[in-house]
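Work through the exercises below with the model open beside you. Try each task before reading its solution.

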Amino acid sequence: MNRRYLLDNQQSEAGVRFGALAELFDPVTFRHVDRLGIGKGMRCWEVGAGGPSVPLGLAERVGPTGSVLATDIDVSWTQGIADGVIEVLTHDVAADPPPAPPGGFDLVHARLVLVHVADRAEALRRMVQALKPGGWLLLEDGDPMLLPLLFPDESGPEQQLANRLRTGFRTLMAERGADLAYGRTLPRALRDAGLKEVHADAYFPITSPACAVLEDATVRQVRHHLIDRGLATDEEIDRHLAGVATGQLDVGTAPMISAWGQRP
């Protein structure tokens, strides 16, 4: 994974972000997981787990006879959930050998991970390699360029400022190797990897309280980068955070595209 990752798991805001992302996207993720028939006794690999919510949800579905492997380059937020079903492992999906059990995984899942990985093609190859025949790969990633505005309804100065700060955030992401149009390529990438039964959909949350929580934590986490690069001033960031805190702004997020395919 890109060692210049902008949203460092070591920062306290990371836990807030993981909670907001879980509230926003777990229902989408588990709708797909359940549609794919992931259940008792199955083996799952959660790549770039970040927070604990997805590994825990997978563990509920596979039960005591199944297993869930949660990996990340930084397991600060998941190491405490390891038990008889969940194993937590420090692992770089683009550099380390796939930690596949004999026979492979029934499900490999990564959410909002590959957009940040420098060698995405290699990471994808390793995830496909870890699947058992008939196993499913479920990839979910953002596509900020599909909808670059934090506030699609740019109706006043607060929304204009927020959208300018979001442009600055995207600049920082791109400088660190993020592909801000990666989400839309997922169906093609899965087909090119040899998977069958490839399908996809997208989800775009807006006005959820969790969107505001996510925005506040994200801006606080990258604040010094925005200022150091001359993309925003202290006063502008304070004004934006105060506006978000009112709960009166229709804060959105980038669309998340989910794509899934089955190994022949």
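The exercises that follow cover cysteines, aromatic rings, a cavity, backbone angles and distances.

This is a predicted model, in which local features need pLDDT of at least 70 and side-chain atom pairs count only at pLDDT 80 or more, while totals for chains, interfaces and linings use all residues. Residues are numbered from 1 along each chain as its sequence is written, and side-chain values use heavy atoms, with hydrogens and water left out.

**Exercise 1. Cysteines**

Count the disulfides, then decide whether Cys44 and Cys211 are buried or exposed.

Solution.
- Start with the rule: a disulfide is a pair of cysteine sulfur atoms within 2.5 Å.
- Apply the rule, and the count is zero disulfides.
- Next, set the accessibility classes: buried means under 20% relative accessible area, exposed over 50%, and partly exposed in between (1.4 Å probe, protein chains only).
- Cys44 has a relative accessible area of 1%, so Cys44 is buried.
- Cys211 also has 1%, so Cys211 is buried.

**Exercise 2. Aromatic pairs**

How many aromatic pairs are there, and what is the geometry of Phe18 with Trp77?

Solution.
- A pair of aromatic rings is described by the distance of the centres and the angle of the planes.
- Rings of Phe, Tyr and Trp (its six-membered ring) pair if their centres lie within 6.5 Å; planes under 30 degrees apart are stacked, over 60 edge-to-face, and the rest tilted.
- This rule gives three aromatic pairs.
- One of them joins Phe18 and Trp77, with 6.2 Å between centres and 75 degrees between planes, which is edge-to-face.
- This pair links distant parts of the chain: Phe18 lies in helix α1 (residues 13–35) and Trp77 in the loop between β2 (67–72) and β3 (86–90), 59 residues apart.
- Helices (H or I, at least four residues) and strands (E, at least two) are DSSP runs, numbered from the N terminus.
- Phe18 is buried at 16% relative accessible area, whereas Trp77 is partly exposed at 34%.

**Exercise 3. A second pair on helix α1**

Describe the pair of Phe25 and Tyr203, and place both residues.

Solution.
- The centres of Phe25 and Tyr203 are 6.1 Å apart and the planes meet at 85 degrees, so the pair is edge-to-face.
- Phe25 is in helix α1 and Tyr203 in strand β6 (residues 196–203), 178 residues apart.
- Phe25 is buried at 3% relative accessibility.
- Tyr203 is partly exposed at 32%.

**Exercise 4. A charge over a ring**

Which residue lies over the face of Tyr182?

Solution.
- The test requires NZ of Lys or CZ of Arg within 6 Å of the ring centre and within 35 degrees of the ring normal.
- Arg120 lies over the face of Tyr182, at 5.7 Å from the ring centre.

**Exercise 5. The largest cavity**

Which helices each supply at least two residues of the lining of the largest cavity?

Solution.
- Rolling a probe the size of a water molecule over the atoms shows where empty space is left.
- On a 1 Å grid over the protein atoms alone, a cavity is a set of points where a 1.4 Å probe fits but cannot get out; lining residues have an atom within 4 Å of a point.
- Grid points are joined across faces, edges and corners, and a volume is the space filled by probe spheres set on the points.
- The structure holds three cavities of 30 Å³ or more, and the largest has about 60 Å³ of space.
- Its lining residues are Leu165, Arg166, Phe169, Glu215, Thr218, Val219, Val222 and Leu226.
- The helices are α4 (157–175) and α6 (209–228), and α6 gives the largest share, five residues.
- The lining divides into five nonpolar, one polar and two charged residues.
- Here Ala, Val, Leu, Ile, Met, Phe, Trp, Tyr, Cys and Pro count as nonpolar, Asp, Glu, Lys and Arg as charged, and the others, Gly among them, as polar.

**Exercise 6. Positive phi**

Where are Leu112 and Thr207 found?

Solution.
- Most residues other than glycine have a negative phi.
- Leu112 is not a glycine, yet has a positive phi of about 55 degrees.
- Leu112 sits in the loop between β4 (105–111) and α3 (120–129), and is partly exposed at 23%.
- Thr207, also not a glycine, has a positive phi of about 70 degrees.
- Thr207 sits in the loop between β6 and α6, and is partly exposed at 48%.

**Exercise 7. Distance across the fold**

How many Å separate the C-alpha atoms of Arg125 and Tyr203?

Solution.
- Arg125 is in helix α3.
- Arg125 and Tyr203 are 78 residues apart in sequence and 25 Å apart in space, C-alpha to C-alpha.

How values were computed. On a 1 Å grid over the protein atoms alone, a cavity is a set of points where a 1.4 Å probe fits but cannot get out, and a pocket is an open set with protein on both sides within 12 Å along at least five of seven lines; lining residues have an atom within 4 Å of a point.
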